[in-house]
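Q: I would like to learn how to read a model like this one, feature by feature. Could we go through it together?

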Amino acid sequence: MTNRPALRMRASLALILVFALVPIPSFGWGPEGHLMTNQIAAAHVPADMPRFFREAGVRLGYLASEPDRWRDKRDAQLKAAQEPEHFIDLERVDWMRELPSNRWLFVRALYEKRATATNPDELLPERVGLVPYETVEVYQRLREAFRQYRQLASEHKPTEAAEQDAVFYAGWLGHYVGDSGQPLHTTVHYDGWVGPNPNGYAVHVGIPPGAEYAPGLHWKFESIFVAANLKPEDVAALMQPVKPLKDVFAEYMKFLRESHSLVEKLYQLDKAKAFDGAGTAEGKRFVAERLAAGTQMLVDMWYTAWLESAEVAPKPEATPPPKGEKK
């Protein structure tokens, strides 16, 4: 019996090597990590998803870093508007029992809290981060594109435009899901320990005059170490069978909080030089597990969007005519 994920994985290995040579701005996991996430997810797309999607691995790989291409300083408005959509500092919102699933309810709650906060600017949405909302909104765009594909197919009309939409949204979604699996995208300690530091973890060294960024732990962990030491098969070996999600936002938030729970573990490993050079077996396993967690969540979300797109919209309830008017 043909092992379809294995065949797709072999094709993906070659694609990863090609795309890794394309220069792009790197935030998130860096090009290698994001590419692995989308390509490995594409190799595990279930057979009952449409053929156009199962065969979209090349484009899904290219789109893995699309949101990082929108961070070019020459596109200042776009860069500023979408940068908060790559992260969330969960420590800043630990006073919320649960995050609302609606972006604007979240923003409203932040502003209400700012009114009594000692440091209100720490609660600005752009400081806190918005990745849960961008993720679920792009997920819903994907689900709608699948709905349009189903509708056009049922009417025997051309489906190419809807197919293109679905692949674009799926690739775009992969970037934020991948970011969410990276513990440093969930914390104020995103590039060095902040505040009291009794354990002597790495701290950010500051940005030299004239420079835009000084590479620190964040860059070393997610880009330098991944590019030098991780292979797609290290991540693919950890994949589980694809499954639909019962509540996408709730299960995504569980995944995000699991990622956040590993922040200090990451710093402990860094202190033990697990990510220096060739690193250690434990460091490599930690990174592979985080990449696999994001890849698993991504393909599960793709599959859920496809299944949910088949749901029939409820018929609107008939509105009774105003009193005194004839029916």
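A: Gladly, and burial is a good place to begin: of the 327 residues of the chain, 49% count as buried, where buried means under 20% relative accessible area, exposed over 50% and partly exposed in between, with a 1.4 Å probe and protein chains only. This is a predicted model, in which local features need pLDDT of at least 70, side-chain atom pairs count only at pLDDT 80 or more, and totals for chains, interfaces and linings use all residues. Residues are numbered from 1 along each chain as its sequence is written, and side-chain values use heavy atoms, with hydrogens and water left out.

Q: What is the mean pLDDT of the chain, and where does pLDDT stay under 50?

A: pLDDT is the predictor's confidence in each residue, from 0 to 100. Where it is low, the predicted coordinates should not be read in detail. Here the chain has a mean of 90, with 87% of its residues at 70 or more. The stretch under 50 is residues 9-26, for which the model has 31 contacts beyond four places in sequence; contact means heavy atoms within 4.5 Å.

Q: How many helices and strands does the chain have?

A: There are 15 helices and 0 strands. Both are DSSP runs numbered from the N terminus, helices being H or I with at least four residues and strands E with at least two. Among contacts in the chain with a separation of 6 or more, 77% are between residues 24 or more positions apart.

Q: At what angle do α2 and α11 pack?

A: Two packed helices are described by the angle between their axes and the distance between the axes. Axes are lines fitted to C-alpha atoms, for helices over the stretch in contact, and angles run from 0 to 180 degrees between N-to-C directions. For α2 (residues 30-43) and α11 (residues 217-229), the angle is about 75° and the axes are 7 Å apart. The two are therefore roughly perpendicular; the cut-offs are under 35 degrees for roughly parallel, over 145 for roughly antiparallel, 65 to 115 for roughly perpendicular and oblique for the rest. G30, E32, G33 and M36 in α2 meet E222, S223, V226 and A227 in α11. As for α2 itself, 14 of its 14 residues are buried.

Q: How far apart are the end C-alpha atoms of α9?

A: The expected span of a helix is 1.5 Å times one less than its number of residues. Helix α9 (residues 131-154) has 24 residues and should span 34 Å, and its end C-alpha atoms are 35 Å apart, which agrees. For the 21 residues of α10, the expected 30 Å likewise agrees with the 31 Å in the model. Since 16 of those 21 residues are buried, α10 is largely enclosed by the rest of the structure.

Q: Which residues is R141 in contact with, leaving aside its neighbours within four places in sequence?

A: They are Y169 and W172. R141 belongs to α9 and is partly exposed, at 36% relative accessible area. Its C-alpha atom is 8.9 Å from that of A170, 29 residues apart along the chain.

Q: Which phi values do H156 and K273 have?

A: Most residues other than glycine have a negative phi. H156, in the loop between α9 and α10 (160-180), has a positive phi of about 55° although it is not a glycine. H156 counts as exposed at 75% relative accessibility. K273, also not a glycine, has a positive phi of about 65°. K273 sits in the loop between α14 (263-271) and α15 (281-308), and is exposed with a relative accessible area of 53%.
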